[in-house]
Amino acid sequence: MKLCFATQNINKLKEIQALLPAGIDLITPQEFGCTDELPETSHTLEGNSKQKAEFIYKNYKVDCFADDTGLEILALKGAPGVSSAIYSGTRKAEDNMALVLKNLNGEVMRNARFRTVITLYLNGKSETFEGVLEGSILHDKRGESGFGYDPIFVPHGQTKTLAEMSLAEKSQISHRANAFAKLKNYLEALS
Ligand code: IMP
């Protein structure tokens, strides 16, 4: 079955293809002539993943899914959340982490979670899948792997930051892997 991954990030495609059942052939919007900027103007992760998937489904009549991820910090009332990619006003992970650490300066309650939401549009019906990774924010960065906020996030029950883990270790527990496992189970149950 062909299924579109509604994303502008082509680099994600291989990673996500590996997380889905073998019978699923992932295609990009570009492959059926969609070069439009996908809408992403909602104030929630749910809203953004729905907007992107719905845009492709309604305009191109192609079954598809989209994802959206954010870091939600309790003491910052859920920020950076849906704005995680551009929290500091730049897209630079270093700037975004620096602002998180600054805003948490003196704060002892450092609980946070990564949350991934996927919206699937298939045969005219939409379904939502969620994956969560609970943890806490350190006072300083540690580790070189991964991306985004990985160097300042330690999952509950672990001693390493996500940036000190190998990709395989991170994929065992990550919010994204968890959400995609749910999507995979759903698609497998249909076939
Ligand atoms: P996206 O929705 O997957 O593009 O993620 C939005 C933003 O959330 C990214 O630009 C990162 O700043 C942050 N983010 C998402 N997933 C992760 C992760 O696994 N580790 C660290 N940061 C992440």
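Me: What makes the pair of Lys170 and the ligand a polar contact?
Reply: In this predicted model, a polar side-chain atom of Lys170 lies 2.8 Å from an oxygen atom of the ligand, and because a polar contact is a pair of N or O atoms within 3.5 Å, the pair qualifies. Side-chain values use heavy atoms, with hydrogens and water left out. Since the model is predicted, local features need pLDDT of at least 70, and side-chain atom pairs count only at pLDDT 80 or more.

Me: Which distance makes His175 a polar contact of the ligand?
Reply: An N or O atom in the side chain of His175 is 3.0 Å from an oxygen atom of the ligand, and for Asp68 the distance from a polar side-chain atom to a ligand oxygen is 3.1 Å.

Me: How much of the ligand does the protein bury?
Reply: The ligand taken alone exposes 480 Å², of which the protein buries 85%, with accessible areas computed by the Shrake-Rupley method with a 1.4 Å probe.

Me: Why is the pair of Phe65 and Phe180 called edge-to-face?
Reply: Rings of Phe, Tyr and Trp (its six-membered ring) pair if their centres lie within 6.5 Å, and planes under 30 degrees apart count as stacked, over 60 as edge-to-face and the rest as tilted. The centres of Phe65 and Phe180 are 5.9 Å apart with 75° between the planes, so the pair is edge-to-face.

Me: Which parts of the chain does this pair link?
Reply: Phe65 belongs to strand 3 and Phe180 to helix 5, 115 residues apart, where helices (H or I, at least four residues) and strands (E, at least two) are DSSP runs, numbered from the N terminus.

Methods:
Residues numbered from 1 in each chain as written. Polar contact = N/O pair within 3.5 Å; in protein donor to acceptor, adjacent residues only side chain to side chain.
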